[in-house]
Amino acid sequence: MTDGSADNGDLDLSGIDDSEIDLYLLSDKEVQIKTALWMAENSDYLKAQKEKEVKMQKEKELGIYKEKKIHAPHVSPRRGTHCVSMDSLAAGVIDSSGQYHALW
């Protein structure tokens, strides 16, 4: 906030009246137009999704559909001292005899 007060996450609507907020809201006609444009722009995606849904339903009816397993996201292991030392060795900071004096 510009007045120096602490930002507690609340939206400061002081100084904004209802008529100004109404300027940002879409009318019913604008909503219809925007929806039609979005549907036209994304028709290929919507068609593909519908086809996937129909295929999945048929496979379920035939008993051949396999639920996809949801895997936990891959988390890289924290780079420990081994990785750092190997990187240093590759960069020439540590020679093959194990002299670590270059690091200190």
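Accessible areas here come from the Shrake-Rupley method with a 1.4 Å probe. With that in hand, let's work through a few exercises on this predicted model.

**Exercise 1. Surface and burial**

Find how much area the protein chain exposes, and what share of it carbon and sulfur atoms supply.

*Solution.* The exposed area of the protein chain is about 10300 Å². Carbon and sulfur atoms supply 57% of that area. Now turn to burial: a residue counts as buried under 20% relative accessible area. Of the 104 residues in the protein chain, buried ones make up 2%.

**Exercise 2. Elements and helix lengths**

List the elements of the protein chain in order, then check the spans of α2 and α3.

*Solution.* Start with the count: the protein chain has 4 helices and 0 strands. Read from the N terminus, the order is α-α-α-α. Next, take α2, residues 28-41: its 14 residues at 1.5 Å each should span 20 Å, and the end C-alpha atoms are indeed 20 Å apart, which agrees. Helix α3, residues 43-62, has 20 residues and an expected span of 28 Å; its end C-alpha atoms lie 29 Å apart, in agreement. After α3 comes G63, with a positive phi near 80°.

Does α2 lie largely in the open or is it buried? The number of buried residues among its 14 is 0, so α2 lies largely in the open.

**Exercise 3. A charged pair**

Locate the salt bridge in the structure and describe the exposure of both partners.

*Solution.* Searching the whole structure gives 1 salt bridge. Its partners are the side chains of E67 and K60, with an N to O distance of 4.0 Å. Why can such a pair form? Side chains of opposite charge can pair when their charged atoms come close. For exposure, use the cut-off of over 50% for exposed. E67, at 58% relative accessible area, is exposed, while K60, at 41%, counts as partly exposed.

**Exercise 4. The largest pocket**

Give the volume of the largest pocket and classify its lining.

*Solution.* The largest pocket holds about 180 Å³ of space. Its lining residues are K52, E53, K55, M56, E59, Y65, K66 and K68. Sorted by class, the lining has 6 charged, 2 nonpolar and no polar residues.

Note on methods: Residues numbered from 1 in each chain as written. Predicted model: local features only at pLDDT ≥ 70, side-chain atom pairs only at ≥ 80, totals over all residues. Heavy atoms only, no water. Helix = DSSP H or I, 4+ residues; strand = E, 2+ residues; numbered from the N terminus. Expected span 1.5 Å × (residues − 1). Buried < 20%, exposed > 50% of the residue type's maximum accessible area, 1.4 Å probe, protein only. 1 Å grid on protein atoms, 1.4 Å probe; cavity = no way out; pocket = protein on both sides within 12 Å on 5 of 7 lines; lining within 4 Å. Points joined across faces, edges and corners; volume = space filled by probe spheres on them. Nonpolar A, V, L, I, M, F, W, Y, C, P; charged D, E, K, R; others polar.
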